[in-house]
Amino acid sequence: MSTIVENLNRLQERMQKAAEGAGRPPEKIRLVAVSKTVEPGRIIEAVQAGVKILGENYVQEAQKKILEVGGGVSWHFIGHLQTNKAKYAIRFFDCIHSVDRISLAEELSRIAKPQGKLLPIFLQVHLSGETTKFGAKEEEVFGLAERVSTLEGISVQGLMTMPPYFDNPEDARPYFIKLRRLADRLVALKIPGIAMAELSMGMSNDFEVAIEEGATLIRVGTAIFGPRPAK
Ligand SMILES: *Cc1c(COP(=O)(O)O)cnc(C)c1O
C-alpha cells in the first residue's frame, strides 16, 4: 500500500474516532485534502483512494494541476485571494474558504452572477492572537455577513479560521470554540441567506479537537501528503 493510501486510512480512522467521541455523526465531517506543493501524480493517487475535495492556496499553481487531475473532484480555494484573481478563482474552484472583506465578496458576486453561478463561500475570521494577518476581525464579521447576504451569485456556507500552530493541539481549542460561538451569534441574527451550516476548521495537527468543537470541513495536508518543502 502506498504511503498516501495508508495516511488516508489512518486519517479516516482518526476522524471517525473523534466524531464518535464527540457524539457527532462521522458523515457530517468532510475532508479537504490540501494539495498545495503536491505533484499531480500524487494528488491523483489520493483521488483514487477516495478523496473527494482538494484544497489549494494559490490560483496559479492550482490551474495547471486542476486541468491535469481532471474531473470527479471538487476544488476548494483556501488561501488568501487577491481581488484581481477572483475571476480565475471562480473559473477553477467550486468553493472559496477565504472571503474576508466586502470588496472581494463584491467582486466574486459581480463575476459569478452573470454566469448564472451560485458560488459557495466561507467568511474567513481572524481571531485575536492569530499569526496570519488574513481574515475579517471578529467584530467585522457581522457587518460583512449582512453585506454579503445582499449579494447575488455567492452563498455563505459558514465560517473558516486558521489558529496559530501549537505543539499541543489542545491550545487550539479556544479558537475553535470561538468560531463556533461566532457562527451561533450570526445564526441568531437571522440574516436572510446566511446559513452557517458549515465550519471550516482544523488542520493536520489539530483536526481532532476541531471535530470535537463542531468542524464540518477539516483542511488536512501534511497528514496525507507528508511534509511540504520549506519555502
Ligand atoms: C496549508 C493549509 C492547510 C493544511 O495544513 P496542514 O498542517 O498541512 O494540514 C489548511 N488550511 C490552510 C488555510 C492552509 O494554508
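**Entry 1: the ligand**

I started at the ligand and looked up Arg228: an N or O atom in its side chain sits 2.8 Å from an oxygen atom of the ligand. I jotted down that 92% of the ligand's accessible area is covered by the protein, out of the 390 Å² the ligand has on its own. I should say right away that I am working with a predicted model.

Next I checked two other side chains. For Lys36, a polar side-chain atom is 2.7 Å from an oxygen atom of the ligand. For Asn57, an N or O atom of the side chain is also 2.7 Å from a ligand oxygen.

Then I asked myself which residues surround the ligand. My list reads Val34, Lys36, Asn57, Ile78, Met162, Met203, Ser204, Arg219, Val220, Gly221, Thr222 and Arg228. I sorted this shell by type and got 5 nonpolar, 4 polar and 3 charged residues.

**Entry 2: strand 9**

Arg219 and Val220 were on my ligand list, so I went to strand 9, because both belong to its residues 217-220. Leu217 and Arg219 point one way from this strand, and Ile218 and Val220 point the other way. I noted that all four of them are buried.

I also wanted to know which way strand 1 and strand 9 run relative to each other, parallel or antiparallel. They run parallel, and 4 bridges join them. One pairing I wrote down is Ala33 with Val220, its bridge partner in strand 9.

**Entry 3: two odd phi angles**

I looked up Thr37 and found a positive phi of about 70°, although this residue is not a glycine. Thr37 is in the loop between strand 1 (30-34) and helix 2 (40-48). Its relative accessibility is 40%, so I put it down as partly exposed.

Met196 has a positive phi too, about 60°, and is not a glycine either. I found Met196 in the loop between helix 7 (173-188) and strand 8 (198-200). Is Met196 buried or exposed? Its relative accessibility is 9%, so Met196 counts as buried.

**Entry 4: Asp100**

Asp100 is in the loop that links strand 4 (95-99) and helix 5 (102-112). Why does Asp100 count as buried? Because its relative accessibility is 11%, and the cut-off for buried is under 20%.

I then looked for company around Asp100. A polar atom of its side chain lies 3.1 Å from the backbone nitrogen of Gly135. Leaving aside neighbours within four places in sequence, I found Asp100 in contact with His80, Gln124, Phe134, Gly135, Ala136 and Leu144.

**Entry 5: helix 5**

I moved on to helix 5 and looked up its buried residues. I wrote down Leu104, Ala105, Glu107, Leu108, Ser109, Ile111 and Ala112. A reminder from class: an α-helix has 3.6 residues a turn, so residues three or four places apart point the same way.

What covers the buried residues of helix 5? My list includes helix 4 (86-92), strand 4, strand 5 (119-126), helix 6 (141-149) and strand 7 (154-161).

**Entry 6: Glu68**

My last stop was Glu68, which lies in helix 3 (residues 59-69). At 55% relative accessibility, Glu68 counts as exposed. Leaving aside neighbours within four places in sequence, I found Glu68 in contact with Pro40 and Ile44. I also looked up the C-alpha atoms of Glu68 and Gly41: they are 8.8 Å apart, with the two residues 27 residues apart along the chain.

Conventions:
Residues numbered from 1 in each chain as written. Predicted model: local features only at pLDDT ≥ 70, side-chain atom pairs only at ≥ 80, totals over all residues. Heavy atoms only, no water. Buried < 20%, exposed > 50% of the residue type's maximum accessible area, 1.4 Å probe, protein only. Pairing = 2+ DSSP bridges. Near = heavy atom within 4 Å. Polar contact = N/O pair within 3.5 Å; in protein donor to acceptor, adjacent residues only side chain to side chain. Areas by Shrake-Rupley, 256 points an atom, 1.4 Å probe, with all protein chains shown as cover. Nonpolar A, V, L, I, M, F, W, Y, C, P; charged D, E, K, R; others polar. Contact = heavy atoms within 4.5 Å.
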